[in-house]
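Here's a short set of exercises to work through with the model open in your viewer. Try each task before you read its solution.

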Amino acid sequence: MPEKSVDALLKEKKIFEIVNPRLVQAPPDISIHEAIRLMQERRSSYIVVADNKKAVGIFTETDVTRKILEHDVDWSRPVRDFMTPAPAVLHPEDTVAAAIDLMGQRRFYHIPLVNENEELVNVISVRTLIRFLAELYPAEILNLPPAPDQIMETREGG
Amino acid sequence: MKIKCPSCGFENIQGEDRCDQCLHSLMQRDIPLPKKNDALQRVMMTAPISDLLTGKDLLVASTADTLQKIVKIFQGKNKNCVLIYKKKKLVGILSQRDILLRVAGKYKDLSKVKVEQVMTPNPEYVRGDDPIAYAVNKMAIGGYRHVPVLAADGTPLSIVLIKDVLAYLARREKNR
């Protein structure tokens, strides 16, 4: 268990300290077809659309269900036409609290991270945040019974 | 006084070591406690999941529904996750992520694809009076962004979204 309060820790911890180096990106002119295949291959719900190192948009599972499936869309059209343009971004030096704030308010699952030159460097996902939060709590309360019929041979520590 | 089993919700008589119904240990129920000075930790470990439900997220469909129908509902209602019931029992969950990874581009005609074929079967769930930390744990370990919330008899109450947890924490920050 951390010594500091969780509140304090969230305000102190920087995003770059908790993110994984896993960024799925593509240029704006790839086709819908290629974009969806890329997401499926990488098992990713998003693509950060980057043009000349700048994050110009984000294309997500929501865009796929809302704008593409069951719509008469030509899958060879570029992803640029369907992405959400000008996504909110954060800097790797911003705090974890800022990321929680932004995701909670604006309801994003992924936020691109850019450096001081506004160049795309990474992405922070909602799952990374929740894993980080989960680690802040004592294991016992979180250790739900995985198998209800399991019987422990000895008491904990015994 | 009865002691409620943290696993199955069965009410045991006081002093039992294990739940009579599911044999889950009742010994750890009261430990550990949140640190006294830590407001955020306290709320996560004591506030019930029902606190953060908006009541707007519940959506239920059947295994026999078509993907076409589900996609239309997602589009019309601005939803991204549905619980799948069969004979009054929760048997699966279907999210936009499942649709993206398992359906998009793989089937020509969505009216011929049944929910059953592509849903994630046997999802983990929580109860409304479980602490928020339980839901957070399921999300962290399983990588889920949606966890069903069921009543003791298995009827669906809501879906807790990973966003709801973050929004709840963010709102708390604002209010202080």
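Domain bounds here come from an automatic or database domain assignment. Keep in mind that you're looking at a predicted model.

**Exercise 1. Get an overview of chain B: its domains, its extent and its make-up.**

Step 1: start with the domains. The assignment splits chain B into domain 1 (1-31) and domain 2 (49-175). Taken over C-alpha atoms, the centres of domain 1 and domain 2 of chain B are 28 Å apart.

Step 2: check the dimensions. Along the principal axes, the C-alpha atoms of chain B fill a box of roughly 60 × 45 × 25 Å.

Step 3: count the elements. You should find 6 helices and 9 strands in chain B.

Step 4: look at burial and contacts. Chain B has 176 residues, and 38% of them count as buried. Now take the contacts in chain B with a separation of 6 or more: 49% of these come from residues 24 or more positions apart.

**Exercise 2. Trace the sheet of 4 strands in chain B and work out which strands stand at its edges.**

Step 1: write down the order. This open sheet runs β3-β4-β5-β6 (chain B), and its pairing is mixed.

Step 2: find the edges. β3 (60-62) and β6 (120-121) of chain B each have a single partner strand, so one side of each is left without a neighbour in the sheet.

Step 3: go pair by pair. β3(B) and β4 (residues 81-86) of chain B are parallel, with 3 bridges; here B:Ser62 has B:Tyr85 of β4(B) as its bridge partner. Next, β4(B) pairs with β5 (residues 89-95) of chain B in the antiparallel sense, over 6 bridges. In that pair, B:Lys86 is matched with B:Lys89 of β5(B). Finally, β5(B) and β6(B) run antiparallel and are joined by 2 bridges, with B:Gly92 opposite B:Pro121 in β6(B).

Step 4: inspect the turn. β4(B) and β5(B) make a hairpin with 2 residues between them, and B:Lys87 in the turn has a positive phi of about 50°.

**Exercise 3. Do the same for the sheet of 3 strands in chain B.**

Step 1: the order is β7-β8-β9 (chain B), again an open sheet with mixed pairing.

Step 2: β7 (126-127) and β9 (156-161) of chain B stand at the edges; each has a single partner strand, so each keeps one side without a neighbour in the sheet.

Step 3: look at β7(B) and β8 (residues 146-150) of chain B, which pair in the parallel sense over 2 bridges. Within this pair, B:Val126 stands opposite B:Val149 in β8(B).

**Exercise 4. Describe the side of chain A that touches chain B, then find out how the buried residues of α5(A) are arranged.**

Step 1: size up the interface. Here, 42 residues of chain A are in contact with 46 residues of chain B.

Step 2: list the contributors. On the chain A side, α1 (6-12), α2 (32-42), α3 (61-68), α4 (96-106), α5 (126-135) and α6 (139-142) each give two or more residues. The largest share, 7 residues, belongs to α5(A).

Step 3: sort by class. The side of chain A that touches chain B holds 22 nonpolar, 8 polar and 12 charged residues.

Step 4: zoom in on α5(A). Buried residues in this helix are A:Val126, A:Leu129, A:Ile130, A:Phe132 and A:Leu133. They sit on the same side of α5(A), because they cover an arc of only 160° around the axis.

Terms used:
Residues are numbered from 1 along each chain as its sequence is written. Chains are lettered from A and ligands numbered from 1 in the order in which they are written. This is a predicted model: local features need pLDDT of at least 70, side-chain atom pairs count only at pLDDT 80 or more; totals for chains, interfaces and linings use all residues. Two residues are in contact if their C-beta atoms, placed from the backbone, lie within 7 Å. Ala, Val, Leu, Ile, Met, Phe, Trp, Tyr, Cys and Pro count as nonpolar, Asp, Glu, Lys and Arg as charged, and the others, Gly among them, as polar. Two strands pair if DSSP finds at least two bridges between them. A residue is buried if 20 or more other C-beta atoms lie within 10 Å of its own, exposed if 12 or fewer, and partly exposed in between; C-beta atoms are placed from the backbone. The arc is that of the directions from the helix axis to the C-beta atoms.
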